[in-house]
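Grab a viewer and a pencil. Here are a few exercises to work through with the model open beside you.

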Amino acid sequence: MAEGYVRPARPEDVAEIARIQLATWRVAYRRILPRHVLDNLDEAYLARRWGAAVQEPPSGAHRVLVAVEQAAQSYLVGFAASGPADAEALAPGEPADALTPGLAAVTDLLVEPRWGRRGHGSRLLAAAVEHWREDGFTRAVAWAFDADAATRGFLGSTGWEPDGATRALDVDDMLVPQLRLHVAVPEAGQPSSEPSLAPRTK
């Protein structure tokens, strides 16, 4: 029987993280981003960026986690990256003081499509939540493409809701709309009346 778990990313994982990102984007975003942009993504460049994120994070609260499927062999099947919210989390025209000290931002949460619906996304999110609690975060945000129904549906099923902020990314002269989702991160064992994380197997 296959089992899954989550652990911190290691330097030797970066090539596989880049491969997963490339493979997932080309499937999940093929109707969202221009095809030539996806075709021209450089896997080696992505690996260098992930190498820096894993080996030289800006702070101890910046984390890259990987999901592993373990059967006869172990496979990296997904990853998540998050940390203290910075300017990239802001909506156009939003003041910098909107970035409160207790705000975390998810920059990536991807599971390779062939390993989908096996609980890896939920495990990644649950592990991230535990780290957010340890680091004192009380709220988290994430940007999602308007047309990315899978990501919006998954986050929505775990308590995330749109906070009203929107933006459009300029991708090779094509504007791609996004919306921002948010969620409260209650202390362990504490209920919350606001949208809150309660990861479910998916």
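The exercises below go from model confidence to the core and then to the aromatic side chains.

**Exercise 1. Work out how far to trust this predicted model.**

Start with the whole chain: the mean pLDDT is 90, and 92% of the residues reach 70 or more. Next, look for the weak spot. Over residues 191–202 the pLDDT is below 50. That stretch still has 36 contacts in the model beyond its near neighbours in sequence, so treat those with care, because pLDDT is the predictor's confidence in each residue.

**Exercise 2. Decide whether His-120 is buried or exposed, and find a polar partner for its side chain.**

First, place the residue: His-120 sits in helix H4, which covers residues 120–135. Its relative accessibility is 1%. The cut-off for buried is under 20%, so His-120 counts as buried. Now for the partner: the side chain of His-120 makes a polar contact of 2.6 Å with that of Glu-69.

**Exercise 3. Find which element gives the most residues to the largest nonpolar core.**

Begin with the core itself. It has 25 residues, and the ones touching the most other members are Leu-125, Trp-132, Ala-140, Leu-155 and Trp-160. Then go through the elements giving two or more residues: strands E2 (63–70), E3 (74–84), E4 (103–111), E5 (139–145) and E7 (174–184), plus helices H4 and H5 (149–157). H4 comes out on top, with six residues. Don't stop there, though: another core of 20 residues lies apart from this one, and its members include Val-14, Val-64, Val-66 and Val-171. As background, nonpolar side chains tend to be buried together in soluble globular proteins.

**Exercise 4. Classify two of the aromatic pairs by their geometry.**

The whole structure has four aromatic pairs. Take Trp-25 and Tyr-29: their centres are 5.5 Å apart, with 55° between the planes. Tilted covers plane angles that are neither under 30 nor over 60 degrees, so this pair is tilted. Trp-25 is partly exposed because its relative accessibility is 24%, while Tyr-29, at 10%, counts as buried.

Now try Trp-132 and Trp-160, at 6.5 Å centre to centre and 70° between the planes: edge-to-face. This pair links distant parts of the chain, with Trp-132 in H4 and Trp-160, 28 residues away, in the loop between H5 and strand E6 (161–171). Both Trp-132 and Trp-160 are buried.

**Exercise 5. Find the residues that form an aromatic cluster with Trp-25, and the residue that lies over the face of Trp-143.**

For the cluster, add Tyr-29 and Phe-145 to Trp-25. For Trp-143, look to Arg-167, which lies over the ring face at 4.0 Å from the ring centre.

Terms used: Residues numbered from 1 in each chain as written. Predicted model: local features only at pLDDT ≥ 70, side-chain atom pairs only at ≥ 80, totals over all residues. Heavy atoms only, no water. pLDDT = per-residue confidence, 0-100. Contact = heavy atoms within 4.5 Å. Helix = DSSP H or I, 4+ residues; strand = E, 2+ residues; numbered from the N terminus. Buried < 20%, exposed > 50% of the residue type's maximum accessible area, 1.4 Å probe, protein only. Polar contact = N/O pair within 3.5 Å; in protein donor to acceptor, adjacent residues only side chain to side chain. Core = buried A, V, L, I, M, F, W, Y, C linked by side-chain atoms within 4.5 Å. Phe/Tyr/Trp six-rings, centres within 6.5 Å; stacked < 30°, edge-to-face > 60°. Lys NZ or Arg CZ within 6 Å of the ring centre and 35° of its normal.
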